[in-house]
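Please open the model in your viewer and keep the sequence panel beside it, because the stops below are given as selections to make one after another. Each stop says what to select and then what is there.

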Amino acid sequence: MAGLRLHEKRTLMALRMLDGKASVDDIAEKSGLAHAAVMRAALTLSEKNLVKIYERKWSVATLNEEGEYYAQYGLPERRLLRALLRLGGEADVDEAAQEAGLDAKMVPIALGWLKRKNWGVIKGKKCALTVSAEPPPTAEEKLLATMFEKRLVKIEDLTEELKQAFETLRKRNLAEVEEKVYRELELTEEGWRTAKKGLKITEEVTQLTPELIISGRWRNVKLTKFDVTAPGPAVYPGKMHPLQQIIQRAREIFLEMGFTEIRGPLVETAFWNFDALFQPQDHPAREMMDTFYLASPQTGRLPSKRLVEAVAKTHEDGWITGSKSWRYKWSSEEAKKLVLRTHTTAETVKYLATHKKPPIKVFSVDRVYRNEQVTYKHLAEFHQIEGIVVDKKVTLRDLMGTLKTFYTKFGIEKIEFWPSYFPYTEPSAQAVAYHPKLKRWIELCGMGMFRPEVLAPIGIKCPVLAWGGGLERLAMIELSLDDIRMLYANNVGWLRRTPICR
């Protein structure tokens with residue numbers, strides 16, 4: 001038949017020799033083709049109405065590595081039983097384990113199952129048998145031997161007793177269930193007529209090499225025709241994690257907008273994380289239920305004495321800012337405490353303390369930590385998008401425009417800005433976006449203009465626009481997720497389905 005390729009001809013001829021119907025494995029063995037080559041040929045032959053494909057699925061029981069070891073050398077309790085019989089029926093646990101050749105991790109397993117099967121009892125550091133002779137193999141042991149010999153055992157073929165034995169082996173993490181697909185091919189009437197006519201088996205060349213062209217042999221060989229529209233096998237190459245792709249996109253967008261990236265350590269002093277941002281030392285967010293404090297070392301170094309005194313005075317009486325302030329006695333010991341940073345704003349204000357000349361446009365995309373309950377929208381460890389703009393005449397409108405541009409570049413159209421409160425910005429707002437899957441508005445970031453109580457101690461005299469928000473919430477919208485935990489769940493199926501670029 002015209003149009004048939006080499007593998008398809010071989011598959012047809014093998015089927016004819018196998019009486020017209022056979023499994024894919026039998027055809028592969030008869031034709032000398034690989035299993036995948038037979039299946040590709042079968043799909044083409046099926047489209048040409050030359051063969052029919054039958055498919056059946058069943059669950060099979062298989063042993064894992066530990067199960068195969070026990071199938072060869074015996075279950076730990078059986079080996080301990082035999083050792084005790086050799087030692088007279090009673091012995092120290094260590095002596096019996098050594099006699100049985102059990103390593104340390106097997107001993108508790110052997111003792112537990114010895115007692116559960118009523119073969120023996122534990123008396124302090126000794127164990128004693130309750131049977132005088134070795135019991136016959138249990139159903140689990142018989143099944144172990146069968147599975148080791150046959151490799152694959154259909155669960156539907158097992159008796160009720162053996163099904164219960166398999167469940168026991170599975171709970172002991174010795175056996176697993178696998179889904180297997182059994183495929184058969186059968187010649188149709190048209191397929192029989194084609195196969196009986198006889199097919200000329202001619203070797204085909206799949207690649208036109210320079211040697212074939214130079215030598216002129218390409219004129220005498222048969223070149224394989226390829227159907228470029230035919231589905232190919234699924235390939236799952238290595239690729240960047242979807243969250244890392246979004247982090248990279250966020251960086252690229254900020255760089256396109258003229259920003260410079262800054263980074264900082266994961267561990268910060270409470271001074272930079274809280275005090276420099278005018279957050280009072282008795283603020284609830286600084287308690288252990290919201291912040292991770294380091295146990296060792298517990299404290300770090302404070303910056304220059306001048307800066308520390310300025311921050312302390314601002315907290316206590318407002319210093320030169322005109323603020324009523326918090327009116328309490330500021331503690332340097334509290335400020336020295338080391339924390340896992342709760343926001344990247346700690347790095348921003350530290351950067352401002354040494355870079356005071358406008359204009360300044362910097363951002364960071366980095367990890368932060370908060371002692372929160374993990375839910376569909378909260379994580380204890382996540383990434384924060386942080387940034388500031390420093391210039392002489394910038395306003396809140398400029399900040400709204402900057403963030404509108406940034407999020408629009410991600411394809412988020414429905415963005416609004418709602419009034420809000422943050423300890424270190426005034427006025428303050430939050431950027432929110434509509435999540436089409438959750439059908440509600442979710443917060444993207446907090447934003448505002450740094451208060452004088454933040455800027456005066458570090459010597460900044462220009463307005464500072466600042467924002468910070470969770471990157472994972474942006475990822476939820478971008479990847480159409482309704483549970484933030486999916487980003488860290490190591491769900492291989494989801495990782496494979498998620499495209500490299502959107």
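## First stop: a buried methionine

Begin by selecting Met39, which counts as buried at 15% relative accessibility (buried means under 20% relative accessible area, exposed over 50%, and partly exposed in between, with a 1.4 Å probe and protein chains only). This is a predicted model, in which local features need pLDDT of at least 70 and side-chain atom pairs count only at pLDDT 80 or more, while totals for chains, interfaces and linings use all residues. Residues are numbered from 1 along each chain as its sequence is written, and side-chain values use heavy atoms, with hydrogens and water left out.

Met39 sits in helix α3, residues 35-47; helices here are DSSP runs of H or I with at least four residues, strands are runs of E with at least two, and both are numbered from the N terminus. Show its surroundings and, setting aside residues up to four places away in sequence, you will find that Met39 touches Val24 and Arg183, where contact means heavy atoms within 4.5 Å. If you then draw a distance from Met39 to Trp494, which lies 455 residues away along the chain, the C-alpha atoms are separated by 27 Å.

## Zooming out

Now display the whole protein, whose secondary structure comes to 20 helices and 18 strands. Its radius of gyration is 36 Å, well over the 23 Å that the globule rule gives for 502 residues, so the protein is more spread out than a compact globule; the radius is taken over C-alpha atoms, and the rule is 2.2 Å times the number of residues to the power 0.38. Along the principal axes, the C-alpha atoms fill a box of roughly 100 × 85 × 50 Å. Of the 502 residues, 44% count as buried, and among contacts between residues at least 6 apart in sequence, 69% join residues at least 24 apart.

## The sheet that begins with β1

Select β1, β7, β2 and β6, which in that order form an open sheet of 4 strands with antiparallel pairing; two strands pair if DSSP finds at least two bridges between them. The edge strands are β1 (21-23) and β6 (153-154), each of which pairs on one side only. Between β1 and strand β7 (residues 175-187), which run antiparallel, there are 3 bridges, and Lys21 has Glu186 in β7 as its bridge partner. Add helix α2 (residues 24-31), which lies across β1 and β7 and runs at about 95 degrees to β1; axes are lines fitted to C-alpha atoms, for helices over the stretch in contact, and angles run from 0 to 180 degrees between N-to-C directions.

## Helices α5 and α7

Next select helix α5 (residues 76-86) with helix α7 (residues 106-116), which pack at an angle of about 80 degrees with their axes 8 Å apart. That makes α5 roughly perpendicular to α7, the classes being roughly parallel under 35 degrees, roughly antiparallel over 145, roughly perpendicular from 65 to 115, and oblique for the rest. On the α5 side, the residues to show are Pro76, Glu77, Arg79, Leu80, Leu81 and Leu84, and these meet Met106, Ile109, Ala110, Leu111, Trp113 and Leu114 in α7.

Which residues surround Met106, leaving aside its neighbours within four places in sequence? Met106 is in contact with Tyr69, Tyr70, Pro76 and Arg79, and it is buried, with a relative accessible area of 7%.

## The sheet of β3, β5 and β4

Move on to the open sheet of 3 strands, which has the order β3-β5-β4 and antiparallel pairing. Here β3 (90-92) and β4 (120-123) stand at the edges, each with a single partner strand, so one side of each is left without a neighbour in the sheet. To see the pairing of β3 with strand β5 (residues 126-129), look for the 3 bridges that join these antiparallel strands, and note that Glu90 stands opposite Ala128 in β5. Helix α6 (residues 93-100) lies across β3 and β5, at about 100 degrees to β3.

## Last stop: helix α16

Finally, select helix α16 (residues 345-354), of whose 10 residues 7 are buried, so this helix is largely enclosed by the rest of the structure. The buried residues to colour are Thr345, Ala346, Glu347, Thr348, Val349, Leu352 and Ala353.
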